[in-house]
There are 2 protein chains.
Amino acid sequence: MTAAEHGPRERMVFSAAQLIRRDGVAATGMREVAAHAGAPRGSLQHYFPGGKEQLVNEALGWAGRYAGNRVARFLAALPEPTPAGLFAEMVRQWTDEYETTGYAGGCPVAAATVDCAESTVSTREAASAAFAAWTGPVAHALADMGVPRERATPLATLMISSLEGAILIARAERNTRALTTVSRELGPLLDAAAVNPICCSRIGEKKTHSIHKANDKN
Amino acid sequence: MTAAEHGPRERMVFSAAQLIRRDGVAATGMREVAAHAGAPRGSLQHYFPGGKEQLVNEALGWAGRYAGNRVARFLAALPEPTPAGLFAEMVRQWTDEYETTGYAGGCPVAAATVDCAESTVSTREAASAAFAAWTGPVAHALADMGVPRERATPLATLMISSLEGAILIARAERNTRALTTVSRELGPLLDAAAVNPICCSRIGEKKTHSIHKANDKN
DNA sequence: GCGGGAGTATGACAGCGGTCATAGTAGCCA
DNA sequence: TGGCTACTATGACCGCTGTCATACTCCCGC
């Protein structure tokens with residue numbers, strides 16, 4: 001989706017992320033990636049001399065950046081930024097997809113972690129970096145909403161952990177129940193951590209745009 | 001571990017779960033499973049005429065039962081059963097493994113979901129059943145501890161979601177930080193949901209043993 | 001002894017995987 | 001025109017996969 005004209009290289013990275021999301025790393029073939037991207041097979045070794053490992057790692061980098069950038073956009077879409085509201089938006093991205101497009105895809109970072117954590121060092125590191133690129137903006141946003149600094153990162157980790165697990169369960173059940181559940185159950189806890197929930201809408205709005213350059217067109 | 005003498009068939013199912021846990025479904029070969037189980041290759045088609053699909057599905061069934069049975073054992077190990085204490089034990093199983101044995105393995109159900117949710121219907125259903133076999137006892141235990149029935153299952157889902165996600169992050173980072181974080185952050189929320197936390201130790205202790213037959217030697 | 005079934009042992013097959021090698025095309029610069 | 005670089009195009013290789021076919025070894029019931 002939205003993969004119009006970005007040069008064959010970017011398209012292949014994007015396609016790799018898409019296919020990994022759906023079938024996992026091991027079941028995703030290089031030829032398949034090229035075909036999905038509408039790119040010539042010969043370009044694979046040209047753009048990715050490091051082979052599949054490099055392609056997968058770049059796909060994870062893209063996914064991490066994408067998830068991180070989404071945070072700012074979620075905040076911008078909220079009338080009053082609150083921790084629970086942010087989490088609800090993060091969850092809603094998945095429930096929307098599952099209800100409209102189906103349960104074909106999960107999180108590519110989760111897929112890579114499951115498939116490569118033990119076998120491929122660089123891919124595990126790329127997955128770790130992707131989680132960091134996602135957790136960072138979330139923690140930053142929480143802090144902007146009045147969550148004490150020392151709790152911002154732990155709560156961001158909790159949010160992402162719950163979301164990742166709920167994605168797994170939702171795909172297995174082909175049902176968004178788990179996703180809506182974690183959103184509903186975790187919301188109050190998140191909001192309770194914001195010491196000054198009244199002013200957070202202003203603070204959040206001001207500093208939101210500094211979270212990321214955000215000139216990408218995610 | 002603990003896989004002494006259970007007949008070749010059970011050993012192969014057990015080994016399949018172990019290998020899937022480590023490398024994912026697609027990267028785990030049938031020959032590898034047989035070798036890991038110390039079972040003859042020829043037994044594969046004899047015990048699992050349904051092929052790899054059947055073997056994987058049985059491994060998921062085993063994993064779900066195993067996780068479900070662990071709940072009762074965790075409760076029995078707690079001096080005073082509380083929701084937070086149960087969750088801490090569930091998490092501790094993983095931190096212990098990671099700190100002593102290393103980060104080689106994740107959750108086999110998560111691995112199967114990631115690899116097969118879209119490609120293999122029966123395996124997706126087996127994963128769903130495994131999650132159910134795990135969530136059920138947890139929800140039951142929560143109810144026994146005084147959590148209102150209508151919140152028991154949602155909270156169980158939240159616990160398992162957070163745990164699954166934290167396992168992913170922990171493996172990617174090779175660090176138990178995410179696991180200890182979700183345990184610490186979620187604990188108060190869980191205990192707050194128990195309406196009568198004083199008496200739950202007794203109730204929990206009494207009804208704990210009815211959660212599962214528990215005569216398996218997990 | 002002896003069928004006969006449970007379980008074991010190999011070998012072959014067809015398919016697909018990632019990767020390498022090699023050759024080709026296009027376009028820019030001098 | 002010549003040469004250089006960026007990119008594309010194929011074909012081949014080897015290894016591995018799941019699966020099937022076939023033949024073998026036990027051991028139990030009769």
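A residue counts as partly exposed when its relative accessible area lies between the buried limit, under 20%, and the exposed limit, over 50%. B:R151 has a relative accessible area of 29%, so B:R151 is partly exposed. The structure described here is a predicted model.

Side chains of opposite charge can pair when their charged atoms come close. Over all chains, the search of the whole structure finds 18 salt bridges. One of them joins B:R151 to A:E185, with a distance of 2.4 Å from N to O. B:R151 belongs to helix 8 of chain B, and A:E185 belongs to helix 9 (residues 177-193) of chain A, so this pair joins two chains. A:E185 has a relative accessible area of 7%, which means that A:E185 is buried.

A salt bridge is also found between A:R151 and B:E185. Here the closest N and O atoms are 2.4 Å apart. A:R151 sits in helix 8 (residues 149-173) of chain A, while B:E185 sits in helix 9 of chain B, so two chains are again joined. A:R151 is partly exposed, at 28% relative accessible area. B:E185 is buried, at 7%.

Another salt bridge links B:R174 and A:E118, at 4.0 Å from N to O. This pair also crosses between chains. B:R174 is in the loop between helix 8 (149-173) and helix 9 (177-193) of chain B. A:E118 is in the loop between helix 6 (108-116) and helix 7 (121-144) of chain A. Both residues are partly exposed: B:R174 has 37% relative accessibility, and A:E118 has 33%. In chain A, a network of salt bridges links A:R22, A:D23 and A:E32.

The protein also meets DNA strand C. The strand is surrounded by 15 residues. The closest are A:R31, A:Q45, B:P40, B:R41 and B:S43. A polar side-chain atom of A:R31 is 2.5 Å from a base nitrogen of the strand. B:S43 places a polar side-chain atom 2.3 Å from a phosphate oxygen. A:K52 uses a polar backbone atom instead, 3.0 Å from a phosphate oxygen.

Helix 2 (30-37) and helix 4 (51-77) of chain A, together with helix 3 (42-47) of chain B, each give two or more residues to the surface near DNA strand C. Helix 3 of chain B gives the most, with five residues. By class, this surface has eight polar, four charged and three nonpolar residues. On the DNA side, 50% of the strand atoms within 4 Å of the protein belong to sugar or phosphate. The rest belong to bases.

Note on methods: Residues numbered from 1 in each chain as written. Chains lettered and ligands numbered in written order. Predicted model: local features only at pLDDT ≥ 70, side-chain atom pairs only at ≥ 80, totals over all residues. Heavy atoms only, no water. Salt bridge = Lys/Arg side-chain N within 4 Å of Asp/Glu carboxyl O. Helix = DSSP H or I, 4+ residues; strand = E, 2+ residues; numbered from the N terminus. Buried < 20%, exposed > 50% of the residue type's maximum accessible area, 1.4 Å probe, protein only. Near = heavy atom within 4 Å. Polar contact = N/O pair within 3.5 Å; in protein donor to acceptor, adjacent residues only side chain to side chain. Nonpolar A, V, L, I, M, F, W, Y, C, P; charged D, E, K, R; others polar.
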